[in-house]
Amino acid sequence: MEPVLEIRNLNVEYGLGDKAVRAVRDVNLTLHRGEVLGLAGESGSGKSTLAYGLTRLLAPPGVITGGEVIYHPEKSEPYDVLGLSDKALRAFRWAETAIVFQGAMNSLNPVHKISTQLTDVLQAHDPKMSEHSRNARAREMLKLVGISPDRMDAYPHQLSGGMRQRVMIGMALILQPQVVIMDEPTTALDVVMQRQILGQLIELRERLGFSVIFITHDLSLLVEFSNRIAIMYGGRIVEEAPAATIYRDALHPYSKGLLGSFPALRGPRRELAGIPGSPPDLAGMPTGCSFHPRCPKAFEPCSTHIPVLGRPDSPDGAARSVACWLHPTEQPVG
Ligand code: SF4
């Protein structure tokens, strides 16, 4: 499959000098055109920092200390997002890549109508677009996300939480970006509404052809809605594979722990088991494999040597990668 975004050896730190904390460590990840790539991990695993880093939206003291983010436009040559000027970066955001943030539904401006907020995005990126065309596009977008265009003149407080979140998704899609990053987009909604909105987003992706990076701590949502899943722990990717492979046959003990934390999608009921302990403190990471203090399978090299993400020596090894001493890898990913 053709890549649309390639993250190469990305490193992000908070703070400077001796006090710097490494929140994203040597991450290599490729998003392919038209796919949904799920990014899972507990709070503090680095998944949101990775998303903000690759779009250069990190708030200080976050700083990118190394790596490349190669974007492949549909009709022109690839370029490194980290090397863009401020002006080019503004055009890249929204027009090429859009983010739906955590709790986005609360970021609609309460004193402006939905119509104004949607058409403002169009005006900011294409001042020559006529008012008639802007309104037509906004109405079309609302319809696409399942809201009657009659609600164009509603204020945010006149809409339910689910509708406000749909408006935010519409706003993210209004400039037809190639990549949409969704950071816990439906966490504040009830389970039924979450699934409705995500199902609709997947339908839209099939119609409009954009690619999605979908970030959540809820692995069950990723198994249902993603093509591939990458699992993060302590700022690193520790496993990556097609969603069905992760669900059926996760290799990394942390991935297995996450899977054991939600009810089975099919088959008999099973007892839920959490992962003992807490996520590591990024300011004082354990030596070796950062999961070793919590890992039920830890053995001799785990506390001293960091396992490298690589292709496991298995029949489906070409389509997956893992960083764990239990699964010797043939070649590093990167
Ligand atoms: Fe567990 Fe060792 Fe694998 Fe880390 S490398 S996940 S500690 S078995």
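User: What makes the contact between Arg228 and Glu240 a salt bridge?

Analyst: In this predicted model, the closest N and O atoms of Arg228 and Glu240 are 1.9 Å apart. A salt bridge requires a side-chain nitrogen of Lys or Arg within 4 Å of a carboxyl oxygen of Asp or Glu, so the pair qualifies. Arg228 lies in strand 9 (residues 228-233) and Glu240 in strand 10, so the pair ties together parts that are 12 residues apart in sequence.

User: Why is Arg228 called buried?

Analyst: Its relative accessible area is 11%. Buried means under 20%, so Arg228 meets the criterion. Glu240, with a relative accessible area of 11%, is buried as well.

User: Which residues are joined into one network by salt bridges that share partners?

Analyst: The network consists of Glu239, Asp249, Asp316 and Arg320. The count for the structure comes to 14 salt bridges.

User: How do you know that Asp26 and Arg236 form a salt bridge?

Analyst: Their side chains meet at 3.8 Å, N to O. The limit is 4 Å, so the pair is counted. This salt bridge links distant parts of the chain, with Asp26 in strand 2 (residues 21-32) and Arg236 in strand 10 (residues 236-242), 210 residues apart.

User: Are Asp26 and Arg236 buried or partly exposed, and why?

Analyst: Asp26 has a relative accessible area of 38%, and Arg236 stands at 21%. Partly exposed covers the range between under 20% (buried) and over 50% (exposed), so both residues are partly exposed.

User: How many aromatic pairs are found, and what makes the pair of Tyr79 and Phe92 edge-to-face?

Analyst: A search of the whole structure finds six aromatic pairs. The rings of Tyr79 and Phe92 are 6.4 Å apart, centre to centre, with 75 degrees between the planes. Centres must lie within 6.5 Å, and planes over 60 degrees apart count as edge-to-face, so both conditions are met. Tyr79 lies in strand 5 (residues 79-80) and Phe92 in helix 2 (residues 86-95), so the pair ties together parts that are 13 residues apart in sequence. Tyr71, Tyr79 and Phe92 form one aromatic cluster.

User: Why does Phe92 count as buried?

Analyst: Phe92 has 1% relative accessibility, and the limit for buried is under 20%, so the term applies. Tyr79, by contrast, is partly exposed, with a relative accessible area of 27%.

User: Which residues make the nonpolar surface patch, and why can Leu326 belong to a patch?

Analyst: Phe299, Trp325 and Leu326 make a patch of about 260 Å². Leu326 has 35% relative accessibility, and patch residues need over 30%, so Leu326 meets that cut-off. Leu326 lies in the loop between strand 12 (321-322) and strand 13 (329-332).

Key
Residues are numbered from 1 along each chain as its sequence is written. This is a predicted model: local features need pLDDT of at least 70, side-chain atom pairs count only at pLDDT 80 or more; totals for chains, interfaces and linings use all residues. Side-chain values use heavy atoms; hydrogens and water are left out. Patches are made of residues with over 30% relative accessible area and no salt bridge: like charges are joined within 9 Å, nonpolar side chains (Val, Leu, Ile, Met, Phe, Trp, Tyr) within 5 Å. Accessible areas come from the Shrake-Rupley method with a 1.4 Å probe; for residues, only the protein chains shown count as cover. Helices (H or I, at least four residues) and strands (E, at least two) are DSSP runs, numbered from the N terminus. Buried means under 20% relative accessible area, exposed over 50%, partly exposed in between (1.4 Å probe, protein chains only). Rings of Phe, Tyr and Trp (its six-membered ring) pair if their centres lie within 6.5 Å; planes under 30 degrees apart count as stacked, over 60 as edge-to-face and the rest as tilted.
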